[in-house]
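User: I'd love to go through this structure with you, one question at a time. Could you fix the terms for exposure before we begin?

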Amino acid sequence: MNARSELYLYDKDGKEQLLAANVREVDEKIKELIQLDANQFRQILMIPQGEFRKLLTSDSKDKELILQRLFHTELYKTIQEKLKSEADELKRSVESSIEERTRELVRIHFEENEELQSLLLENPLNDHRILNLLAPHIEEMEKKEKELRQQYENVQEKRDAYQKDLAEAKSVVDQYNLQEKLKNQKESLLALKPEIESIDHEIVLARRASHLVQQDEYCHKLNRNLNELKSQLATLSEEKQTITEKLLTATRIFEEETNNEPLREQASKRVTQLENMEKDIDSLDTLMNETGELKERYEKQQGIVTKQNEQISFLQKGIKEREIRVKAGENGQEHVFQLEKNVQEKLSLLEQISDMNQLEQNLQCVKTERDQLKTRYSQLEDRLQDASETLTFLEGKWNSAQAALLAKGLADDAPCPVCGCEHHPNPAVEADTIPSSEDLKVAKGKQQELEAEEKKLSLAIAQEETKIQGIQEQIENIYKKIREKKRDFKQFEIGETQSLLMKEIESLKTNIASKKKEVEQVKVMGEEIRKGREKLEELEGARGKNQDMLQELNTLFHTKNTTLEKVKESIPLELRTKAQFNQVLQKEKQRLKELKTSFERAQKQYYELLNQNSVKESQVKDKEIHIENVNGEMKAERDAFLTLLTEQGFSHYKAFLEAKKSESEVTVLQEKVKKYGEDLRSVTDRLSDIDQILKDKQRPDIQRIEEDIIKVTDELKEVNDHLNRVMTNRKENELILTRVTAINEGIRDLESRYQTVGHLAEVARGQNANRITFERYVLASFLEDILRVANERLIKMTSGRYQLIRKTDRSKGNVQSGLELLVFDQYTGQERHVKTLSGGESFKASLALALGLADVVQQYAGGVSLETMFIDEGFGTLDPESLDQAIEALMDIQSSGRLVGLISHVPELKERIDARLEVISSQNGSRTEFQFLA
């Protein structure tokens, strides 16, 4: 079965209220209620066998996650991120402003200022020095601009003078050109004089021919009328011939149509007969439609029944096949559970092997550290021995020197100040070299320093030995557990065993995935079987109804079909359908209509052509008479024209045609003669005037003047370009100066703000001497409170030997620190890592830490209540005295109203627990029962 989980809340009336309906929702809801996830719960409130040291020995990062959840320190992290965000934004703003300033500065026009040019080529740019040089440079550019403007005005005056000279010279040249032009025009006009005289003669002849034009035009008009009448007569004759031919054809066709009268009467009778049969045809058509519709419905219903039969057979076959496959796959889920159990066992074994491998690596590192310490200790012993011998030698020298000083004051029979003897057989002799008190002091200090270092190294070696012993014990425990699960395991085969286990796990996971698919398929098939049976029942019911309807339609069809066959016998085969009947009827009506139309058309055409033929004969006769009259009139008018032609002096008709001109043509010729006289007089007068003006003048050299203007124009353009460039560059430099000044003001403001915000952001993010963030600093404060409460119980459980303290030293590298734990041992007076504690000591420390955490969380975190604790094993590692101390601490907690649950096999605990739930094993399985002490 798949895992299920539901979470209910009982209201004040005792009714259940569903809060979560599946495993995921229940996990999220419990996490919301107790503010812990499952892993954190196991580290704080559920101390399981083999894992009770995790909270104690976890690094700063793991402790940070737990404390963040419990004390809700998100606000401090938000402050960190807000400061960093603001600092980064200020930094980006400064960098952006610097980039903008650089872009502005490199656009400066340095002109001929070499110092400014060299500064602009530097990287990075020295904006302060550049701005100091830019203002004077702009003033120099203004002076240069004034000089160029004055130079421009001078050159412009010079060009204006040249242009004035050019205008006067061009005026004189234009007058010379006009003089030459007028001379050419006069010569051309004199050459046209014979042509003008000929035009005068043409005008005289045109005046004489104008008296004959009217008579000539009348003769031509009569000739045109005669030709037109002849053409009309020819056309009428052709039309009369065509109409005569058409009349003959129409007469023949009219006679034929008159003879077709019997056919028209026969067609009329046929149409009448068909129209009388139309009602019978309508009845037959309706009967055929009804019969066809019944047949179609019968065949369709037959198809539905056949399809349902096929579907029922297909469903029955599919259900049977799926039932066989479901029966074969019923044991698949059990197999999946077994495979998943094997995977969990192998994952657990793999984790233990990995832990053992890590412990062996740690053991090797610790042994290496111990060997290095022993080597240093051996070297230190040699140095300490040398220092002791040196001190002894110096002290001997010193004592000898002091004795020599005393010996100097000895006299015979005088008592010795040291021994009181009056006889001095062998007095001390003064040594060559006497050590100073400073030498003795240095030698003693060196010896004491080496002795202190010796004690420190000795303690460090002892600590490493303790670590080695602890790690070896852990390795031995893990090795025993691994051997219980895998008896052929050997420590030197860790790598091979890990690879083999990983391959086996992957293989099992593949099998599990495959089996799960099979199980899912079996579930799907079961659902398909249920739905298939429902569908089968539904189809069988529908099939019965459809079969009844099929039988009913069969009876109706055969009855209607019998009636149809009887009606068909009374109607011809070609008229049995409405469509065939309508087609025949329309065909006969069309035939009758065509016969009538042909007769009427032939009759109408015959009489129309007969009338047209009579009209054309009359028109031809009238046209012949009109032609004879016009021909006589034209002959009389032609004789009168010839008489006038002789009177006007024309020898023949062609001479008259050549001299004849219209009035407009004559007017044009007269205007041409008149214009010629005026043009000749005008040119002669203007030429006389221009000769008088140019009498004492010479033709000027315009090309030289234009060349001078081009030169001075080029000079003016060059000066103007230089002036515009200097003026533009000056304006841009002034704008750059203004912009850069404003940018610098903004940068100073941003840098002032960044100096404060950036420093706060760095400190809050842990970029400080202690490498600790603002949030972790707050968490460390909470941890100090937890340790203060935890130590009250730990000191009691360890008879005052151990005390937990927070490690304040920086970790190596950039690793965040501040939440690691050390243990202070009163016996040695030294601090050491909590990982060096033995199994029983670690249990006490973990228990004290968990209890302290529960107390402090309830004080600080409103709404979070940690009133229940479970301890799974761990008591077996305690000696009797430690067991008493741990039980006493737990009893104190219980007396405060909190619940403590113990899971253990230790017999001594049974006598101390008032209420127990015992698990009793037997050959038939396990059972549970409650035991209560009176």
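Analyst: Gladly! Buried means under 20% relative accessible area, exposed means over 50%, and partly exposed lies in between (1.4 Å probe, protein chains only). This is a predicted model, in which local features need pLDDT of at least 70 and side-chain atom pairs count only at pLDDT 80 or more, whereas totals for chains, interfaces and linings use all residues. Residues are numbered from 1 along each chain as its sequence is written, and side-chain values use heavy atoms, with hydrogens and water left out.

User: Thanks! How many helices and strands are there in the protein?

Analyst: Helices (H or I, at least four residues) and strands (E, at least two) are DSSP runs numbered from the N terminus. Of the 934 residues, 32% count as buried. As for the elements, the protein has 22 helices and ten strands.

User: What share of the contacts with a separation of 6 or more comes from residues 24 or more positions apart?

Analyst: A contact here means heavy atoms within 4.5 Å. Among contacts in the protein with a separation of 6 or more, the part from residues 24 or more positions apart is 76%.  Lys516 of helix H14 (residues 494-568) gives an example of reach along the chain, since Lys516 and Phe337 are 179 residues apart in sequence and 9.9 Å apart in space, C-alpha to C-alpha. The share you asked for is 76%.

User: Which residues does Lys516 touch, not counting those up to four places away in sequence?

Analyst: Lys516 is partly exposed, with a relative accessible area of 40%. Leaving out residues up to four places away in sequence, Lys516 touches Val336 and Glu340.

User: Is Gln80 buried or exposed?

Analyst: Gln80 sits in helix H5 (residues 74-105). Beyond its neighbours within four places in sequence, Gln80 is in contact with Ala764, Thr773, Phe774 and Glu775. Its relative accessible area is 10%, so Gln80 is buried.

User: Let's turn to salt bridges. How far apart are the closest N and O atoms of Arg107 and Glu104?

Analyst: A salt bridge is a side-chain nitrogen of Lys or Arg within 4 Å of a carboxyl oxygen of Asp or Glu, and by this rule the count comes to 22. Arg107 is partly exposed at 36% relative accessibility, whereas Glu104 is buried at 10%. Their closest N and O atoms are apart by 2.8 Å.

User: How many residues apart in sequence are the parts that Glu465 and Arg370 tie together?

Analyst: Glu465 and Arg370 form a salt bridge, with the closest N and O atoms 3.5 Å apart. Glu465 lies in helix H13 (residues 437-485) and Arg370 in helix H12 (residues 332-408), so the pair ties together two parts of the chain. Glu465 is partly exposed at 29%, while Arg370 is buried at 16% relative accessibility. The separation in sequence is 95 residues.

User: Which residues are linked with Glu145 in a network of salt bridges?

Analyst: This network holds Glu145 together with a second Glu and two Arg residues. The partners of Glu145 in it are Arg149, Arg730 and Glu734.

User: Which strands stand at the edges of the open sheet E4-E5-E6?

Analyst: Strands of a sheet pair through backbone hydrogen bonds, either parallel or antiparallel. In this open sheet three strands follow the order E4-E5-E6 with antiparallel pairing, and two strands count as paired if DSSP finds at least two bridges between them. Two of the strands have a single partner each, so one side of each is left without a neighbour in the sheet; these edge strands are E4 (802-806) and E6 (830-833).

User: Which residue in E5 is the bridge partner of Arg806?

Analyst: E4 and strand E5 (residues 821-825) pair in the antiparallel sense over five bridges. Within that pairing, the partner of Arg806 is Leu821.

User: What angle does the direction of helix H19 make with that of E4?

Analyst: Axes are lines fitted to C-alpha atoms, for helices over the stretch in contact, and angles run from 0 to 180 degrees between N-to-C directions. Helix H19 (residues 774-797) packs on the sheet and touches E4 and E5. The angle between H19 and E4 is about 180°.

User: Last one: how many bridges join strand E9 to E10?

Analyst: E9 and E10 form a hairpin with two residues between them. Glu918 has Glu929 of E10 as its bridge partner. Strand E9 (residues 915-922) runs antiparallel to E10, and the number of bridges joining them is eight.
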